[in-house]
Each structure stands twice: as structure tokens, then as C-alpha cells.
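Trainee: Could you pick one part of this model and walk me through it slowly? I'd like to see how you reason from one residue to the next.

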Amino acid sequence: MANINDHRDYSEALAVLFIDLDDFKRMNDRYGHQAGDEILSELGRRLSAVVRPYDVVARVGGDEFVVILTRLSSLAEAKLLAERIMEASGEPLPVSGSVINPILSIGLAYSAHRETDVNQLLRDADRSMLAIKKSRRRGGPANESSINISGHRSSQMNDIVARAIDEDLLELAFQPIVSLVTGQIWAFEALVRYTDPELGPLSPPSLVEKAKSLGRLDALTRQVALKAMAAAADFRLIEPRIVCMTINVEAGQILPQRVGSFVEELAERYPGISLCLELNERSVARVSTAVRAQADHLRDIGIMIALDDYGSQDSSVDALVRMPMDILKIDKSLVDDLDDVRQREVLTALQGFGDNLEYSMIVEGVENEAMADHLTSLGIRSAQGFHYGVPRSFEKTLARLEEFGADAVLPVRAASELPL
């Protein structure tokens with residue numbers, strides 16, 4: 001399913017059928033396990049015979065099968081194929097001198113566009129099948145096969161995200177990055193946000209993944225970069241110590257033909273502000289020579305490169321030594337227990353690497369004063385986390401700077417009363 005989903009054209013639909021053979025246990029008990037095996041084998045043959053060559057049939061449980069219908073153009077076509085499958089599979093079946101009429105419960109989940117989480121499609125088909133079985137237990141038709149179509153909303157989500165990007169409706173939230181040496185904010189990380197009028201706030205990771213699957217990730221990144229640098233200029237008018245704005249990108253995006261040329265031009269517009277591109281750790285696992293060369297070029301002209309989320313599950317020492325960078329951002333999973341001597345030793349070693357290889361280090365996930373004190377004692381010089389502020393809108397960030405300047409830590413009362 002994942003392979004089919006990842007490699008289908010944007011306009012190519014698919015459907016998942018979750019099929020259950022009703023009363024299979026009773027058949028097994030009545031006719032014996034050998035007969036039960038024959039029933040399942042015959043059902044498998046019937047399913048395979050009726051689908052098209054590019055569809056997929058799988059047995060996923062004792063009496064449960066999944067069919068993946070590919071290259072679809074409409075829900076009506078998926079439903080027609082499902083009805084054909086139901087009809088062919090429900091033909092009378094000789095078993096041990098008797099004849100049974102297989103009764104199937106079929107849940108159908110239809111996906112008009114590429115999915116962010118294809119497993120959700122399978123879960124929706126499963127739930128739709130279970131709804132039929134529940135209906136039977138409550139007195140619904142028990143002697144005929146049925147199809148129940150899921151209300152899967154992937155196409156709606158795709159439309160929402162596409163419209164938000166195409167109509168430039170994305171918003172940003174800003175989280176401070178602070179110096180543990182001076183106790184001042186010196187940068188902000190720009191984080192994308194969008195609230196749909198009907199569905200409410202969309203999860204940022206799912207928003208980004210949807211944009212990627214829709215071929216709009218570069219458009220999203222350009223919008224974020226443009227708004228982030230404009231915001232940084234406004235922040236700097238209030239507080240000149242704000243000298244850097246970071247945005248999140250995938251490594252491949254920095255190539256000139258994607259967003260590389262755009263960010264070069266953008267950086268030229270704001271000479272007093274350093275633009276930093278945070279490359280997520282997964283995307284640098286296998287970078288090309290061209291990407292590394294482009295990273296060097298961007299650094300030469302004053303755009304900083306950061307390696308984000310280092311220390312997360314996918315982290316690699318290879319990325320640390322092969323990817324040109326100015327900043328290493330340490331994932332919060334490496335600082336969740338600073339009483340552990342191993343965590344402290346790893347941070348100290350990474351700080352030493354940074355000093356020798358001439359990159360700075362920012363520790364993320366700093367949630368309280370005790371963690372900040374630990375990091376300071378280890379010689380860590382920059383940090384980010386809820387202790388210094390949750391991500392806030394442009395207006396609220398502006399209000400913070402107007403009232404408190406570049407102070408890294410707000411008074412307890414102010415921190416609790418400042419709206420999100």
C-alpha cells in the first residue's frame with residue numbers, strides 16, 4: 001500500500017477493500033478445518049480472478065482479506081469493482097457434500113489523492129467493514145453480502161492544504177533562541193501554522209507532509225521564508241539584538257532550481273539579518289555532491305546552514321562530518337535527563353566537536369531553569385525551549401519584545417499572562 005501510494009500520480013485514485021467472510025468459525029466447526037482451508041483458498045482464487053492485473057489481493061487474517069484497487073478515476077468506479085468482487089465471491093460453493101453461499105462484509109475506503117498516512121486508509125476500510133458486522137448483530141440483513149463506503153476525507157484535506165498554500169493563507173509562529181552567556185534572545189525560529197475555518201488548527205507535521213505529497217513544499221517554504229524575514233526586520237526595529245531568523249527546509253530544497261536562488265535573493269533584501277536554513281536530520285541521510293556544494297555556496301554568501309534534530313532516532317555521525325554547517329541543533333531527546341552522566345558526556349563531546357569544527361551548537365527542549373543551569377555548567381552557549389517561550393504569533397512576539405526587550409526569560413507572571 002505504501003509503495004502504491006508513494007508512486008501514484010497525484011490525480012490517480014485508489015481504494016482499499018477490507019473483506020470479512022461472515023460465520024467462518026461456524027463453517028469450520030460444522031465442516032472441519034480442512035473444509036475451512038478449502039473455503040478460504042477458493043475465496044482467495046475468486047478474489048484474484050475478478051480483480052484487474054494491477055490490483056492487489058492479500059489475506060491479512062484468518063477470514064479477512066484486503067484488496068487494493070489502483071488506477072481508479074472515481075468513487076463510482078471503485079464501487080462498481082467492489083460490487084463485481086462481492087458478486088463473484090458470493091457464488092455458491094460446494095463444501096463436503098453441501099453447498100454454502102459465502103456472505104461477505106466489505107468496507108471500502110476511497111482515496112482521490114496521494115495520502116500522508118496510507119495506514120489510515122486501511123483503518124477506515126476496516127472500520128467500515130466492522131460497521132456492517134455490528135449492523136448484522138443488531139438485526140440488519142444477515143443473509144446477503146454488503147458494502148459500506150467509508151467517509152474518508154483525504155481529498156478534503158488535500159484541497160484545504162492546497163488552497164492554503166495557493167492563496168497564501170499560511171501563518172507563522174516564532175520561538176526564541178537564546179544565548180546562555182548573555183541571557184538574551186538573538187534569533188527566532190519560524191514555524192508554519194494554519195487554522196482551517198471548519199477543521200480548526202492543522203497539525204504542522206501533517207501540513208508539511210501534505211504540502212510535500214501535493215508537490216507544493218517549495219511553495220510553502222518560499223512563503224514561510226518571505227514572511228519570516230519580513231517579521232525579523234520588524235523585530236529588529238524594536239530590538240537590534242535580534243540578528244538571525246531560522247526556517248525549516250529539507251536538504252534537497254536548497255538546490256538553486258528549488259528554493260536556493262529564492263533564498264539568496266531574499267537574504268540580499270535583509271542585509272542586517274542572518275537567514276539560517278535548518279535541514280532536518282532525515283533529509284541529510286543521503287545528500288548528493290550537488291547539495292553539499294550548494295550548502296558551501298550559501299554559507300560563502302552569508303546564509304547559515306543548521307543541522308536540525310541531531311540526536312533523534314534517525315541521527316547519523318556521517319551527517320555530522322559530511323554536511324557543511326554553521327549550527328548543530330541538539331534534539332530534546334538528548335537532554336531529557338541531564339542527571340544522567342552519559343547525556344552530559346555526549347553534550348560535552350559534541351560541544352568540543354563544534355569548537356574544533358567551527359560550528360555553533362543550540363540545545364532544544366529546555367523546559368526549566370534547572371536544565372538551563374545544567375547546560376550552562378557544561379559550557380553550552382545557546383538554547384531553545386519552553387523555558388524561554390512557546391511559539392507565538394507575530395503580534396504576540398512583537399508585544400513581548402516591546403515590553404521585555406531581548407530578555408531570554410520572562411517574569412513568571414508575564415510568561416503566564418502573555419496570550420498565545
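Mentor: Sure, and let's begin with a definition: a salt bridge is a side-chain nitrogen of Lys or Arg within 4 Å of a carboxyl oxygen of Asp or Glu. Keep in mind that what you're looking at is a predicted model. Now find Lys329 and Glu364, whose side chains meet in a salt bridge with N and O 3.3 Å apart. Lys329 belongs to strand 15 (residues 327–330), while Glu364 sits in the loop between strand 16 (360–363) and helix 13 (369–377), so this pair ties together parts that are 35 residues apart in sequence. Are the two partners buried or exposed? Both Lys329 and Glu364 are buried. They have company, too: a network of salt bridges links Glu189, Glu278, Lys329 and Glu364.

Let's set that pair beside some others, since the structure holds 22 salt bridges. Take Arg46 and Glu42, whose side chains meet at 3.0 Å, N to O. Those two are four residues apart in helix 3 (residues 33–50), so about one helical turn separates them. Here's the background: an α-helix has 3.6 residues a turn, so residues three or four places apart point the same way. Arg46 counts as buried because its relative accessibility is 14%, and the cut-off for buried is under 20%. Then there's Arg342, which forms a salt bridge with Asp340, the closest N and O atoms being 3.0 Å apart. Arg342 is exposed, at 61% relative accessible area, whereas Asp340 is buried, at 19%.

Next, move to the nonpolar side of things. The largest nonpolar core has 77 residues, and Leu277 and Leu328 touch the most other members. Helix 8 (residues 217–238) gives the most to this core, with eight residues. If you click on Leu277 and set aside residues up to four places away in sequence, you'll find a long list of contacts, including Ile247, Val249, Ile254, Val263 and Leu298. Ile303, Met304, Ile305 and Ala306 are also among the residues that Leu277 touches. Apart from this core lies another one, of 32 residues, among them Leu21, Ala78, Met86 and Ile100.

Stay with helix 8 and look for aromatic rings. How many aromatic pairs are there? The count comes to three. In one of them, Phe188 and Phe235 have ring centres 5.2 Å apart and planes at 55 degrees, so the pair is tilted. Phe188 is in strand 9 (residues 185–193) and Phe235 in helix 8, so the pair ties together parts that are 47 residues apart in sequence. Both Phe188 and Phe235 are buried. Phe235 also pairs with Phe394: here the centres are 5.6 Å apart and the planes meet at 25 degrees, so this pair is stacked. With Phe235 in helix 8 and Phe394 in helix 14 (residues 394–404), the pair ties together parts that are 159 residues apart in sequence. The two rings have unlike surroundings: Phe235 is buried, with a relative accessible area of 0%, but Phe394 counts as partly exposed, at 24%. Add Phe174, and you have one aromatic cluster made of Phe174, Phe188, Phe235 and Phe394.

Just one more stop on this walk. Glu239 lies in the loop between helix 8 and strand 12 (244–249). Is Glu239 buried or exposed? Glu239 is buried, with a relative accessible area of 6%. What does its side chain reach? The side chain of Glu239 reaches the backbone nitrogen of Ala406 at 3.3 Å. Leaving aside neighbours within four places in sequence, Glu239 is in contact with Leu401, Gly405 and Ala406.

So what should you take away? Helix 8 turns up again and again: it gives the most residues to the largest nonpolar core, and it holds Phe235, which pairs with Phe394 from helix 14. And the salt bridge we began with joins Lys329 to Glu364, both of them buried.

Definitions and conventions. Residues numbered from 1 in each chain as written. Predicted model: local features only at pLDDT ≥ 70, side-chain atom pairs only at ≥ 80, totals over all residues. Heavy atoms only, no water. Core = buried A, V, L, I, M, F, W, Y, C linked by side-chain atoms within 4.5 Å. Buried < 20%, exposed > 50% of the residue type's maximum accessible area, 1.4 Å probe, protein only. Contact = heavy atoms within 4.5 Å. Polar contact = N/O pair within 3.5 Å; in protein donor to acceptor, adjacent residues only side chain to side chain. Phe/Tyr/Trp six-rings, centres within 6.5 Å; stacked < 30°, edge-to-face > 60°.
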